[in-house]
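Biologist: Please take a close look at the nonpolar core of this model. Follow the contacts outward from there to the helices and charged pairs.

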Amino acid sequence: MTIIAPSLLSAAPGRLTEEIQAIEAAGADWLHLDIMDGHFTPNLTFGPWIVELAKKETKLPLDVHLMVTDPLAQAKIFAQAGADFISVHVEATPHLHLVLDTIQRAGARPGVALNPLTPLDFLEPSLDFLDLIVIMGVNPGWAGQAFIPRTVKRVAQVSHLLATQKKDRSIFLEVDGGVSDQTAPALIQAGASVLVSGSYVFKSRDYGQAIAGLRQ
C-alpha cells in the first residue's frame with residue numbers, strides 16, 4: 001500500500017497541534033516536515049521545536065526533509081528532536097557520506113533528496129547508506145507549486161535502479177511536491193512508495209477523503 005505523508009507546511013499555522021492530531025485520525029501514515037533555512041530555499045519554516053512538538057502529539061513516523069545549506073550541522077539536532085527519517089539534499093553538501101552516517105549514528109534513518117534537474121547519477125553510489133530517496137516534483141521552497149510532469153519519468157528510472165540493485169533492505173521511494181489525486185496514479189504506477197502531499201490534503205474539506213483519494 002502507498003504511504004501517504006501529509007506535509008505540515010500547508011497546515012494552519014496557529015493550529016499545529018490540532019492539525020497533527022486531525023491528520024493522524026484521518027488515516028495518514030507518516031507526517032512530513034519541511035525544514036527550510038532561508039538560504040538553500042527562499043523560504044524559512046520550522047526549527048527543531050516543531051519536530052519535538054510533533055513527537056509529543058502523534059505516533060506517526062516523522063519524515064524530516066532538510067532543505068538547508070549545512071545539513072551536517074543540522075542533522076544530529078533534528079534526530080535528537082525525534083525525527084524518524086531525515087533526508088538531505090545532495091546539492092547541499094560535498095560530504096554526503098558523512099552526513100548520512102551522522103544521521104544513522106544519531107538514531108534516525110537517512111535519506112537523500114534530489115531537485116528536479118539534479119542528475120540521478122548521484123544515487124547509485126549512495127544506495128548502501130539510504131533508507132529513503134526523495135524525488136522533488138517541484139522546486140523546493142514553497143507549497144502549492146504546479147507539478148513538473150518530468151518527475152514521473154525520474155521516479156520510474158529510480159524505481160528501476162532499486163529493482164536491479166537487489167539490496168538487503170527496501171529503500172522507500174518518495175515524491176515531494178505537486179502531489180494530488182491527479183498526479184498520484186502515474187507516480188504510483190511509476191514506482192513511488194511514499195507520496196508527500198501538503199496543499200491537496202490540508203486545503204481539502206475532508207482530510208480522510210483526500211488521503212483515500214491519493215491511495216486510489
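Modeller: Two residues are in contact here when they have heavy atoms within 4.5 Å of each other. The model is predicted, and what follows should be read with that in mind.

The largest nonpolar core has 60 residues. Within this core, Leu8, Leu33, Ile86 and Ile133 touch the most other members. Ile133 is a convenient place to start. With residues up to four places away in sequence left out, Ile133 touches Val112, Leu123, Leu127, Val158 and Leu162, and also the run Ile171, Phe172, Leu173 and Glu174. A second core, of twelve residues, lies apart from the largest one. Its members include Ile3, Met136, Val194 and Val196.

Phe172, one of the residues touched by Ile133, is also in contact with Phe85. Phe85 belongs to strand S4, residues 85-89. Buried means under 20% relative accessible area, and Phe85, at 4%, is therefore buried. Besides Phe172, the sequence-distant contacts of Phe85 are Trp30, Leu62, Asp63, Val64, Arg109, Asp131 and Leu132. Leu62, Asp63 and Val64 fall within strand S3, which covers residues 62-67.

Strand S3 also holds Met67. Where does Met67 stand, buried or exposed? Its relative accessibility is 2%, so Met67 counts as buried. Beyond four places in sequence, Met67 touches Asp34, Ile35, Met36, Asp37, Phe40, Thr41, His89 and Pro140. Of these, Asp34, Ile35 and Met36 lie within the range of strand S2, residues 31-36. The C-alpha atoms of Met67 and Ser87 are 8.6 Å apart, with their positions 20 residues apart in sequence.

A similar reading for Phe85 leads to a helix pair. Phe85 and Ile103 are 18 residues apart along the chain, and their C-alpha atoms are separated by 8.7 Å. Ile103 sits in helix H4 and takes part in the contact of H4 with helix H3. How do H3 and H4 run relative to each other? The axes of H3 (residues 71-81) and H4 (residues 96-105) come within 9 Å and cross at roughly 10°. An angle under 35 degrees counts as roughly parallel, and H3 and H4 are therefore described that way. On the H3 side the contact is made by Pro71, Leu72, Ala75 and Lys76, and on the H4 side by Leu98, Val99, Thr102 and Ile103. By type, the residues of this contact are six nonpolar, one polar and one charged.

H4 also carries a charged pair. The side chains of Arg105 and Asp101 form a salt bridge, with N and O 2.7 Å apart. Both residues lie in H4, four residues apart, which is about one turn of the helix. Their accessibilities fall in separate classes: Arg105, at 71%, is exposed, whereas Asp101, at 23%, is partly exposed.

This is one of five salt bridges found in the whole structure. Another joins Asp84 to Lys55, with the closest N and O atoms 3.3 Å apart. Asp84 is in the loop between H3 and S4 and Lys55 is in helix H2 (residues 48-57), so this pair ties together parts 29 residues apart in sequence. Both ends are partly exposed, with Asp84 at 26% and Lys55 at 39%.

A further salt bridge is formed by Asp29 and Arg215, whose closest N and O atoms are 2.3 Å apart. This pair links distant parts of the chain, 186 residues apart. Asp29 lies in the loop between helix H1 (16-25) and S2, and Arg215 lies in helix H8 (residues 207-215). Asp29 is partly exposed at 21% relative accessibility, and Arg215 is partly exposed at 25%.

Two loop residues complete the survey. Thr183 is in the loop between strand S7 (172-176) and helix H6 (184-190). At 13% relative accessibility Thr183 still counts as buried, and its contacts beyond four places in sequence are Phe147 and Gly178. Arg15 is in the loop between strand S1 (3-6) and H1, and is partly exposed with a relative accessible area of 43%. The C-alpha atoms of Arg15 and Thr93, 78 residues apart along the chain, are separated by 34 Å.

Methods:
Residues numbered from 1 in each chain as written. Predicted model: local features only at pLDDT ≥ 70, side-chain atom pairs only at ≥ 80, totals over all residues. Heavy atoms only, no water. Core = buried A, V, L, I, M, F, W, Y, C linked by side-chain atoms within 4.5 Å. Buried < 20%, exposed > 50% of the residue type's maximum accessible area, 1.4 Å probe, protein only. Axes fitted to C-alpha atoms, helices over the stretch in contact; angles between N-to-C directions. Parallel < 35°, antiparallel > 145°, perpendicular 65-115°, else oblique. Nonpolar A, V, L, I, M, F, W, Y, C, P; charged D, E, K, R; others polar. Salt bridge = Lys/Arg side-chain N within 4 Å of Asp/Glu carboxyl O.
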